[in-house]
Amino acid sequence: MSSNSHPYNTFIRHRERKSLKYFSKYLIERQREPELSDDEASYLAGSMFSASSDTTASAISVGVMASVCYPEAAECVRKELDSVIGKERHAYYLEFILITLGLIRLFLFLCYFGWVVFSHLTHIAPRMSDQENLPQTMAFVLETFRWRPVSSGGFTHKTTKDIIWQNYCIPKGSSAIGNVWSVGRDPQYFPDPKKFNPQCWLTPEGKIKEDLKAYTFGFGQRVCPGQHMATASVFLNTALIQWAFTVRADPAHPIDDLAFTESANAHPMLFKLFFEPRAAMTLEGVRELFEDYGA
């Protein structure tokens, strides 16, 4: 690979043309402080994406599965989205106008109202800026991580000294694995742990609890570097799915919610369900809503 085609140099050229706020830019500007080589800087920047891509896809699938297996939990999310984002669907009005008024009347209608309908279309879908106002949705995501963790066993650590725990001695140099699955089934924190219950993540005031939020991403220095990107991605995709669709079970194909691949990053086995459009009257209408969407 020539020096000019190296991903690092490609990024440098792109950075000089366009100023953006993102991790790669931050890393390049401070590359010399930790004395990172070009290869090390490229790997570190890429790990932010690669560490979260496969696990994020699995976590989103688990969220869809939970929506079908526990429809009352998904309905709580949809009610919150309707309340915060807005229950009124401008897309319904647009499609109704297209059907009933015809193209000429539609043109006159839009001119008369100053394109009000279109100005709202790109602002009614959930965005990351809505996260603080959507605790029920965030609780659904956190429960997704707990209920069916993507990496239920975590990764290996090594003890740096003798550790005494409940009258047991774990010698220095021992391999230790944090049992994410077991932590998520502690009845002291999660009553009825086999049930999918997003409410266990909420305080009586309806705010997200601050404890135990990050344990599914590992522990200590080997915690997942993509945890913040992954959480944000799962949250936004969950919000968009629940806002745009009502997800229903296929009675002819019951879902086994314990059927997962046997791999380090587990994925649900294939399951069937129905996506019913709710942000628009048709699937094509939903697609049109997202044409100019930008989170």
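**Exercises: helix packing and one buried arginine**

Helices α8 and α10 are oblique to each other, because their angle falls outside the parallel, perpendicular and antiparallel ranges. This is a predicted model: local features need pLDDT of at least 70, side-chain atom pairs count only at pLDDT 80 or more, and totals for chains, interfaces and linings use all residues. Residues are numbered from 1 along each chain as its sequence is written, and side-chain values use heavy atoms, without hydrogens and water.

**Exercise 1.** Describe how α8 packs on α10 (residues 227–244).

*Solution.*
- Step 1. Take the geometry: the angle is about 120° and the axes are 10 Å apart. Axes are lines fitted to C-alpha atoms, for helices over the stretch in contact; angles run from 0 to 180 degrees between N-to-C directions.
- Step 2. Classify the angle. Under 35 degrees is roughly parallel, over 145 roughly antiparallel, 65 to 115 roughly perpendicular, and the rest oblique. The pair is therefore oblique.
- Step 3. Assign the hand: the crossing is right-handed (the near helix is turned clockwise from the far one by less than a right angle).
- Step 4. List the contacts (heavy atoms within 4.5 Å). T137, M138, F140, V141 and F145 of α8 meet T231, V234, F235, T238 and A239 of α10.
- Step 5. Sort by class: 7 nonpolar, 3 polar and no charged residues. Ala, Val, Leu, Ile, Met, Phe, Trp, Tyr, Cys and Pro count as nonpolar; Asp, Glu, Lys and Arg as charged; the others, Gly among them, as polar.

**Exercise 2.** Repeat the analysis for α4 (residues 71–84) and α8 (residues 135–147).

*Solution.*
- Step 1. The axes come within 8 Å and cross at roughly 150°.
- Step 2. The two helices are therefore roughly antiparallel.
- Step 3. The crossing is left-handed (the near helix is turned anticlockwise).
- Step 4. A73, A74, C76, V77, E80 and L81 in α4 meet P135, Q136, T137 and F140 in α8.
- Step 5. These residues divide into 7 nonpolar, 2 polar and 1 charged.

**Exercise 3.** Is R278 buried or exposed, and which groups does its side chain meet?

*Solution.*
- Step 1. Locate R278: the loop between β6 (273–277) and α11 (283–289). Helices (H or I, at least four residues) and strands (E, at least two) are DSSP runs, numbered from the N terminus.
- Step 2. R278 counts as buried because its relative accessibility is 17% (buried is under 20%, exposed over 50%, partly exposed in between; 1.4 Å probe, protein chains only).
- Step 3. The R278 side chain makes a polar contact with the side chain of D82 at 2.8 Å (N or O atoms within 3.5 Å, one able to donate a hydrogen and the other to accept it; residues adjacent in sequence count only if both atoms are side-chain atoms).
- Step 4. A polar atom of the R278 side chain lies 3.3 Å from the backbone oxygen of Q242.
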